[in-house]
Amino acid sequence: MNTHLIITLIIWSIVVFGAWYIYKLEKGEITKLDVFISKFLHKMFRKGYISRNPSFIRAIELEEIVILLTDQNPAYLIGINAKVLKDLSQQLGKKVKIINIKEGVRSAVRDYISPEVRFQISKLYLPDGKTITKIKIPKSRRINVKDFERILETVFNEKFKVEIL
């Protein structure tokens with residue numbers, strides 16, 4: 001293939017994807033943090049620290065933590081010896097957690113609080129026809145209940161009530 005054609009294709013793809021990022025940013029569909037993390041993960045994939053092409057949906061930034069939402073096994077984004085997670089956490093200056101939202105609420109709660117902790121999930125049906133998903137977590141887990149409820153409500157578009165037992 002002609003070298004000039006290859007360079008033209010590379011420049012064209014940079015312009016198109018750059019315009020796509022700007023368009024999404026202006027519409028509010030993604031944030032600057034989403035763009036930063038997406039570029040970071042792609043760079044780590046190219047360097048070989050991530051074994052599979054990373055699937056990153058979006059990030060939720062809270063006071064003390066950044067939540068990465070994915071639709072694949074969180075281990076794929078953690079990287080070899082947790083290098084990806086450690087480097088990202090260091091660059092952001094906050095703790096980073098990865099949550100798989102593809103498998104539903106139970107999987108997301110497990111990823112957030114820890115896989116070995118037992119918890120209960122139940123649905124409450126209110127007289128007005130609305131539902132609330134209630135999650136009971138043991139006292140041994142120290143989490144910010146309001147932040148956790150906000151994360152779940154943002155991701156799943158439902159009302160949640162988290163209780164610490």
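**Group meeting: a three-stranded sheet and helix α6**

I'll start with one strand pair: β1 and strand β2, residues 65-70, run antiparallel to each other and share 4 bridges. Within this pair, R58 sits opposite L69 of β2. Bear in mind that this is a predicted model.

Now the whole sheet. It is open, has 3 strands in the order β1-β2-β3, and its pairing is mixed. β1, residues 58-61, and β3, residues 95-100, are the edge strands; each has a single partner strand, so one side of each has no neighbour in the sheet. From one strand to the next, the twist averages 25°.

Two helices go with this sheet. Helix α2, residues 32-47, packs on the sheet and touches β1 and β2. The direction of α2 makes about 125° with that of β1. Helix α4, residues 83-92, lies across β2 and β3 and runs at about 130° to β3.

Next, helix α6, residues 145-156. The helix has 12 residues and spans 16 Å from first C-alpha to last, close to the 16 Å expected at 1.5 Å a residue. At its start, a side-chain oxygen of N144 comes within 3.2 Å of the backbone nitrogen of K146. After α6 comes N157, with a positive phi near 50°.

Which residues of α6 are buried? They are D147, F148, E149, I151, L152, V155 and F156. As background, an α-helix has 3.6 residues a turn, so residues three or four places apart point the same way.

And what covers the buried residues of α6? The cover includes β1 and β2 from the sheet, along with α5 (105-113), β5 (131-137) and β6 (159-164).

Terms used. Residues numbered from 1 in each chain as written. Predicted model: local features only at pLDDT ≥ 70, side-chain atom pairs only at ≥ 80, totals over all residues. Heavy atoms only, no water. Pairing = 2+ DSSP bridges. Axes fitted to C-alpha atoms, helices over the stretch in contact; angles between N-to-C directions. Contact = heavy atoms within 4.5 Å. Expected span 1.5 Å × (residues − 1). Buried < 20%, exposed > 50% of the residue type's maximum accessible area, 1.4 Å probe, protein only. Polar contact = N/O pair within 3.5 Å; in protein donor to acceptor, adjacent residues only side chain to side chain.
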